[in-house]
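Please read the sequence and the model below side by side. The paragraphs that follow begin with one residue and move outward to the whole chain.

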Amino acid sequence: MLLSVFACSGKSTVKVDSGPFNAESSFEKANKLLDDKEYEQARALFLEIKNRDLTKKYAPLAQLRIADAYVKEGEPELAAAEFRKFLEIYPDHRYASYAQYQIAMIYFNQIESPERGYGGAEKALQEFEKLKKDFPRNPYRDLIDIRIEKCRNTIADYEFLVGEFYLKQDQYKAAIGRFETVLTKYPDYKKEENVLLDLGIAYRKSGDPEKAELYLNRLIEKYPNSRLRTAAQKELSSSKKKAAKK
């Protein structure tokens with residue numbers, strides 16, 4: 001969307017006028033520097049445009065391009081800060097939704113990182129939901145819901161894996177807390193049947209056969225063709241035997 005605005009006119013080198021400050025020609029020159037990966041020089045010129053553009057036509061665009069330059073340079077946190085600055089200064093600008101979308105995407109792109117995946121998904125989810133709330137007519141509507149779903153599944157995956165860790169460590173109360181969080185906050189989780197099985201196991205081992213049967217039966221009824229059905233029935237039988245001994 002911004003390419004047409006940010007594109008340089010022609011291939012000739014633009015010279016800065018020696019007279020009054022020319023925001024348009026300076027903007028073209030700054031974009032050329034950015035294309036040439038001269039990030040520091042480009043940001044310096046964009047900052048000058050932001051401070052000296054009396055028409056206020058190029059100042060907002062210059063602020064966006066400062067943020068874009070940090071993205072291109074591989075400095076996502078600095079980029080996010082500059083996009084936020086744009087939203088603070090120009091909350092009603094026509095490219096405000098672009099800035100908000102870029103913030104969300106900065107964190108969304110961290111999801112594949114093993115060290116930052118969970119944290120990135122949490123932040124991206126917050127920013128995408130903010131985009132939907134603050135800019136309901138944004139041009140990214142077709143993409144947002146797909147990316148929100150990925151964020152939610154990533155967070156649920158993390159909670160489930162932590163729950164499994166606690167279950168293996170015989171820390172049943174902690175495991176139950178994680179599994180129930182997944183079921184409550186992420187009812188559309190793609191691995192719900194796995195959560196139901198592990199929750200049933202955790203409750204059985206913690207000495208609560210009634211709760212164990214509740215979740216194991218839910219798995220069997222909701223997922224009759226699940227590959228986990230046999231395991232759930234076995235756990236259910238063990239749970240009933242334990243309850244009968246009481």
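Start at Phe-83. Leaving aside residues up to four places away in sequence, Phe-83 touches Leu-64, Ala-67, Asp-68, Val-71, Tyr-98, Ala-99, Gln-102, Ile-103 and Ile-106. The model is a predicted one, and local features are given where pLDDT is at least 70. Phe-83 also belongs to the largest nonpolar core, a set of 74 residues. Phe-83 is among the residues with the most contacts inside that core, together with Phe-46, Ile-49, Phe-86, Phe-128 and Cys-151. Which helix gives this core its largest share of residues? Helix 6 does, with ten residues.

The chain around this core is built from twelve helices and zero strands. Read from the N terminus, the order of elements is therefore α-α-α-α-α-α-α-α-α-α-α-α. Of the 246 residues in the protein chain, 46% are buried. Among contacts between residues at least 6 apart in sequence, 51% join residues at least 24 apart.

Helix 6 leads on to a helix pair. Two packed helices are described by the angle between their axes and by the distance between those axes. Helix 6, residues 96-108, packs against helix 8, residues 141-168, at an angle of about 35°, and the axes are 12 Å apart. The crossing of helix 6 and helix 8 is left-handed. On the helix 6 side the contact is made by Tyr-101, Met-105 and Phe-108, and on the helix 8 side by Leu-143, Arg-147, Lys-150 and Cys-151. By type, the residues of this contact are five nonpolar, two charged and no polar. Cys-151 is thus named twice, in this contact and in the list of core residues with the most contacts.

Asp-157 is also found in helix 8. Is this charged residue buried or exposed? Asp-157 counts as buried because its relative accessible area is 19%, and the cut-off for buried is under 20%. Not counting residues up to four places away in sequence, Asp-157 touches Tyr-189, Lys-190 and Lys-191.

Past helix 8, in the loop between helix 8 and helix 9 (172-185), is Asp-170. Asp-170 is not a glycine, but its phi is positive, near 65°. With a relative accessible area of 48%, Asp-170 is partly exposed.

Lys-56 also has a positive phi without being a glycine, at about 65°. Lys-56 lies in the loop between helix 3 (39-52) and helix 4. Lys-56 is exposed because its relative accessible area is 53%, and exposed means over 50%.

Helix 4 covers residues 59-73, and Ala-59 is found in it. Ala-59 is buried, with a relative accessible area of 1%. Beyond residues up to four places away in sequence, Ala-59 touches Ile-49, Lys-50, Asp-53 and Tyr-90. From C-alpha to C-alpha, Ala-59 and Leu-47 are 8.4 Å apart in space, and twelve residues separate them in sequence.

The last stop is helix 11, residues 209-222. How far apart should its ends be at 1.5 Å a residue? The 14 residues of helix 11 should span 20 Å, and the end C-alpha atoms are 20 Å apart, so the expected and modelled spans agree. The buried residues of helix 11 are Pro-209, Ala-212, Glu-213, Tyr-215, Leu-216, Leu-219 and Ile-220.

Notes: Residues are numbered from 1 along each chain as its sequence is written. This is a predicted model: local features need pLDDT of at least 70, side-chain atom pairs count only at pLDDT 80 or more; totals for chains, interfaces and linings use all residues. Side-chain values use heavy atoms; hydrogens and water are left out. Axes are lines fitted to C-alpha atoms, for helices over the stretch in contact, and angles run from 0 to 180 degrees between N-to-C directions. Helices (H or I, at least four residues) and strands (E, at least two) are DSSP runs, numbered from the N terminus. A crossing is left-handed if the near helix is turned anticlockwise from the far one by less than a right angle, and right-handed if clockwise. Contact means heavy atoms within 4.5 Å. Ala, Val, Leu, Ile, Met, Phe, Trp, Tyr, Cys and Pro count as nonpolar, Asp, Glu, Lys and Arg as charged, and the others, Gly among them, as polar. A nonpolar core is a set of buried Ala, Val, Leu, Ile, Met, Phe, Trp, Tyr and Cys residues joined through side-chain atoms within 4.5 Å. Buried means under 20% relative accessible area, exposed over 50%, partly exposed in between (1.4 Å probe, protein chains only). The expected span of a helix is 1.5 Å times one less than its number of residues.
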